[in-house]
Amino acid sequence: MDITLNNMSINPEFVIDPKLLVQVMLGGNALLTFESKKTKDHRVFHIRKDTYSKKDFTKAVRYKVFRNGMWIATFTDMQLSFISVSNPDNKILEWIWDHILDPAYIDRQLAIYHNGKCCVCGRQLTDPESIKLGIGPTCRDK
Ligand SMILES: [Zn+2]
């Protein structure tokens with residue numbers, strides 16, 4: 001995973017409306033930058049839908065959260081769990097998860113950016129509407 005994307009992803013053009021955060025975060029291939037409006041500190045998380053083998057009949061929906069290529073957390077059936085209890089990023093993820101349904105509150109604390117690519121399929125976004133939504137036209141129609 002390319003960590004130089006950290007800098008690239010803070011592009012005001014690629015800001016995400018917090019109302020769309022759930023959709024974008026769970027797009028399947030979302031590289032998102034969360035920036036504190038207070039401290040300007042930021043974290044980049046890559047949230048990928050986990051692929052299951054044909055032998056898995058539980059069909060639980062699982063997303064893995066990566067930071068700098070390291071798997072740090074999992075959303076399984078909308079429950080958040082952490083790989084290491086001592087990871088300082090846990091608190092940030094927990095905060096985002098706790099407030100994800102309160103976009104106005106998130107908006108006061110965080111600026112959220114995508115990397116200019118579709119959060120579902122990873123293709124480069126080109127038209128202004130798609131850039132605003134973080135998801136391309138084909139993936140929106142699915
Ligand atoms: Zn797409």
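# Exercises on a six-stranded antiparallel sheet

Strand 3 and strand 4 form a hairpin with two residues between them, and asparagine 68 in the turn has a positive phi of about 50 degrees. The model is predicted, so that local features need pLDDT of at least 70 and side-chain atom pairs count only at pLDDT 80 or more, while totals for chains, interfaces and linings use all residues. Residues are numbered from 1 along each chain as its sequence is written.

**Exercise 1. Determine in which order the six strands lie in the open sheet, and which strands form its edges.**

Step 1. Strands are DSSP runs (E, at least two residues; for helices, H or I, at least four), numbered from the N terminus, and two strands count as paired if DSSP finds at least two bridges between them.

Step 2. Strand 3 (residues 62–67) is joined to strand 2 by four bridges in the antiparallel sense, and to strand 4 (residues 70–76) by six bridges, again antiparallel; within these pairings, lysine 49 has tyrosine 63 as its bridge partner, and arginine 62 stands opposite threonine 76.

Step 3. Strand 1 runs antiparallel to strand 2, with seven bridges between them, and antiparallel to strand 6, with five bridges; asparagine 29 stands opposite arginine 48 in strand 2, whereas phenylalanine 34 is bridged to isoleucine 112 in strand 6.

Step 4. The resulting order is 5-4-3-2-1-6, with antiparallel pairing, and the edges are strand 5 (79–82) and strand 6, each of which pairs on one side only.

Step 5. Between neighbouring strands the turn is 25 degrees on average, direction ignored, where axes are lines fitted to C-alpha atoms, for helices over the stretch in contact, and angles run from 0 to 180 degrees between N-to-C directions.

**Exercise 2. Find which residues touch the most other members of the largest nonpolar core, and which strand gives the most to this core.**

Step 1. A nonpolar core is a set of buried Ala, Val, Leu, Ile, Met, Phe, Trp, Tyr and Cys residues joined through C-beta atoms within 7 Å; a residue is buried if 20 or more other C-beta atoms lie within 10 Å of its own, exposed if 12 or fewer, and partly exposed in between, with C-beta atoms placed from the backbone.

Step 2. The largest such core has 27 residues, of which Val24, Ala30, Leu32 and Ile112 touch the most other members.

Step 3. Among the elements that give two or more residues are helix 2 (21–25), helix 3 (89–99) and strand 6 (110–114), but strand 1 gives the most, with four residues.

Step 4. Outside its neighbours within four places in sequence, alanine 30 is in contact (C-beta atoms, placed from the backbone, within 7 Å) with Val24, Met25, Ile47, His114 and Cys119.

**Exercise 3. Explain why tyrosine 63 is classed as it is, buried, exposed or partly exposed.**

Step 1. Tyrosine 63 is found in strand 3, and its contacts beyond four places in sequence include Leu26, Ile47 and Phe75.

Step 2. Tyrosine 63 has 19 other C-beta atoms within 10 Å and is therefore partly exposed.

Key. Two residues are in contact if their C-beta atoms, placed from the backbone, lie within 7 Å.
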